[in-house]
Amino acid sequence: MIMPESMAWELRRIRKTFGPAVANDDVSLLLRAGEIHGLVGENGSGKSTLIKTLSGAHQPDSGEVLCAGEPVQLDSPLAARALGVATVFQEFSLVPDLTVAENILLGRWPGRAYRLDWRSMRETAKTVLDGLGIAIATDALVRELSKAHQQMIEIAKAMAARANLFVLDEPTTALGASEAGHLHDLLLRMREAGAAILYVSHRLDEVVRLADVVTVMRNGRIVSPADATPLDVAAIIKLMIGEEVREHYGKVSANAGEPLLEVVDISTERGVRGVSFTLRRGEVLGLGGMLGAGRSEIAGALFGVDRLTSGEIRRNGRSLQLRSPADAVAAGIALLAEDRKADGLFFNLTGARNMTTATLGAYGRALWFDLEQEQRTSRALIERLRIAPQAEYELPDRLSGGNQQKLLLGRWLGAGADVFILDEPTQGIDVGAKVAIYHLINELVRAGKGVILISSDDKELFSISDRIAIVQRGRIARFAEASELRKADLLETTAGGMNV
């Protein structure tokens, strides 16, 4: 659906509380047709609550929502969709085992109850895809698509439902630079067609590049409305956290010591092919490359998730037999997985207990368990890492993304690890939490630990790493000091510019 220029969505003086906590306090926002509106703020600033109000998942305590100047009632997600609001969350709402066409027209399949019109479904889906400039086969299964293509199918699904307001929540969190570029091109085409787009992201550089206007939230309130916010990353950071961040990364360079981990020509059944490198004490070794290049698969091999088919991993000069993650933990190797929700946290345990799961044997065995000692350990880690105090008794899903990442780092610090494999450690967390993670990496370096950093944020990768290995198709295509590489080298190598 193309919106007339006069049509706009407006949130007017929205207030939403959860018990004594005020999530949104007198928030007003104007979303115009043909405009990309950036919404930024730290975790806990009120962005998510505002998104859920627009999507019909939350009802405000006071205030109103207007469409084209008329008050509307978004009392459920179905009501919001019926009025043209499409919200694309970080977790997609696609059905993996259905085709692209079936997902695009989900709930609106043409035909009759016992006789679907498959030809019409494919043609309609193709028309939507062509209109968006998306070249994906309509009969492809969604589970076989990349994250970037799944993101585009979510948008195509919304377009097919004749949405006029698109709300995108952290749309590039799981995308590399190239995939994010394709998504941005698509959003620009949608803007030109007259769509209103609310773009919520922690990646401030892309917000500044993409958005026409930006609204900044802090502590549930708007601290800088769209007409007053400069399109400048440093200025936005200052508005978000209430102070100036002079050094975003604050890299600490330590003198690299003896080898901590030696990886010798390893291969796995999951596509790692002949990878070799040495990680030294006091070093951050970056793994760069596109999504699907094999970076996470290398991490899996080092953590005992995937068995080696050839090659060797040495720790302090001794060959390791990593039959499981337990073997890796015993060898002092820690993994902060890319998907902290699926592969890292236990959501049925408190934040405090999440940090002691790797060292339960230290607190007792069989019928005796020292709960007080466990509590002292977790409290010390909470204080050291500046984790929200409620993590001691709250479940992880009640904590911000930044606090969740700190819980996982606390787990491995408590386990006494020397080798830290950090797979996208700042993905989906706000700028304040990112700075905290960078400081923790610096602490590890000072303490003589070794860090393997996997990051799709090129600026982060270059700023934090001492050396960088560029991964392509499961191999290391290039290895150099970070100071000797340019972003162009990374792009050229990952695009296939080098023979591997």
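How exposed is Asn316, as a relative accessible area? The points below take up that residue and other features of the structure, which is a predicted model.

1. Asn316 is partly exposed, with a relative accessible area of 48%, a value that falls in the class between the cut-off for buried, under 20%, and that for exposed, over 50%. The residue sits in the loop that links strand E16 (308–315) with strand E17 (318–319), and its phi is positive, about 55 degrees, although Asn316 is not a glycine.

2. Glu424 also has a positive phi, of about 50 degrees, without being a glycine, and its place is the loop between strand E21 (419–423) and H15. Here the relative accessible area is 5%, so Glu424 counts as buried; a colleague checking backbone geometry may wish to read this residue alongside Asn316, which is partly exposed at 48%.

3. Glu144, in the loop between helix H4 (118–132) and H5, is exposed, with a relative accessible area of 58%. Although 47 residues separate Glu144 from Asp97 in sequence, the two are 8.9 Å apart in space, taken from C-alpha to C-alpha.

4. Helix H1 (residues 47–54) is largely enclosed by the rest of the structure, because six of its eight residues are buried. The buried residues of H1 are Lys47, Thr49, Leu50, Ile51, Thr53 and Leu54, and just after the helix comes Gly56, with a positive phi of about 85 degrees.

5. Helix H14 (residues 401–414) has 14 residues and spans 20 Å from its first C-alpha to its last, which is close to the 20 Å expected at 1.5 Å a residue. Since 13 of those 14 residues are buried, H14 is largely enclosed by the rest of the structure. After H14 comes Gly416, where phi is again positive, near 75 degrees.

6. Which residues touch the most other members of the largest nonpolar core? They are Leu261, Leu302, Ile333 and Phe420, in a core that has 59 residues, and H15 provides the largest share of this core, with seven residues. Leu302 can be followed further: with its neighbours within four places in sequence left aside, Leu302 is in contact with Leu261, Val263, Ile266, Phe277, Ile313, Leu322, Ala328, Ile333, Ile421 and Ile452. Another core, of 50 residues, lies apart from the largest one, and its members include Val128, Leu145, Ala163 and Phe166. As general background, nonpolar side chains in soluble globular proteins tend to be buried together.

7. Turning to enclosed space, the count comes to two cavities of 30 Å³ or more. The largest cavity holds about 110 Å³ of space, and of the 15 residues that line it, the closest to its centre are Arg203, Thr426, Gln427, Gly428 and Lys434. By class, the lining of the largest cavity divides into one nonpolar, eight polar and six charged residues.

8. The second largest cavity, with a volume of about 40 Å³, is lined by Arg384, Leu409, Leu413, Leu440, Glu443 and Leu444. Two elements, H14 and helix H15 (431–446), each give two or more residues to this lining, and H15 gives the most, with three. The lining of this second largest cavity is made up of four nonpolar and two charged residues, with no polar ones, whereas the lining of the largest cavity includes one nonpolar residue.

9. The second largest pocket has a volume of about 480 Å³. Of the 21 residues in its lining, Arg81, Ala86, Thr87, Ser93 and Lys157 are the closest to its centre. The elements that contribute two or more residues to the lining of this pocket are helix H2 (77–82), strand E6 (85–88) and helix H5 (147–160), and the largest share, four residues, comes from E6. Sorted by class, the lining of the second largest pocket has twelve nonpolar, four polar and five charged residues.

10. One element recurs through these points and may be worth viewing as a unit. H15 supplies seven residues to the largest nonpolar core and three to the lining of the second largest cavity, while the loop between E21 and H15 holds Glu424.

Key: Residues are numbered from 1 along each chain as its sequence is written. This is a predicted model: local features need pLDDT of at least 70, side-chain atom pairs count only at pLDDT 80 or more; totals for chains, interfaces and linings use all residues. Side-chain values use heavy atoms; hydrogens and water are left out. The expected span of a helix is 1.5 Å times one less than its number of residues. Buried means under 20% relative accessible area, exposed over 50%, partly exposed in between (1.4 Å probe, protein chains only). On a 1 Å grid over the protein atoms alone, a cavity is a set of points where a 1.4 Å probe fits but cannot get out, and a pocket is an open set with protein on both sides within 12 Å along at least five of seven lines; lining residues have an atom within 4 Å of a point. Grid points are joined across faces, edges and corners, and a volume is the space filled by probe spheres set on the points. Ala, Val, Leu, Ile, Met, Phe, Trp, Tyr, Cys and Pro count as nonpolar, Asp, Glu, Lys and Arg as charged, and the others, Gly among them, as polar. A nonpolar core is a set of buried Ala, Val, Leu, Ile, Met, Phe, Trp, Tyr and Cys residues joined through side-chain atoms within 4.5 Å. Contact means heavy atoms within 4.5 Å.
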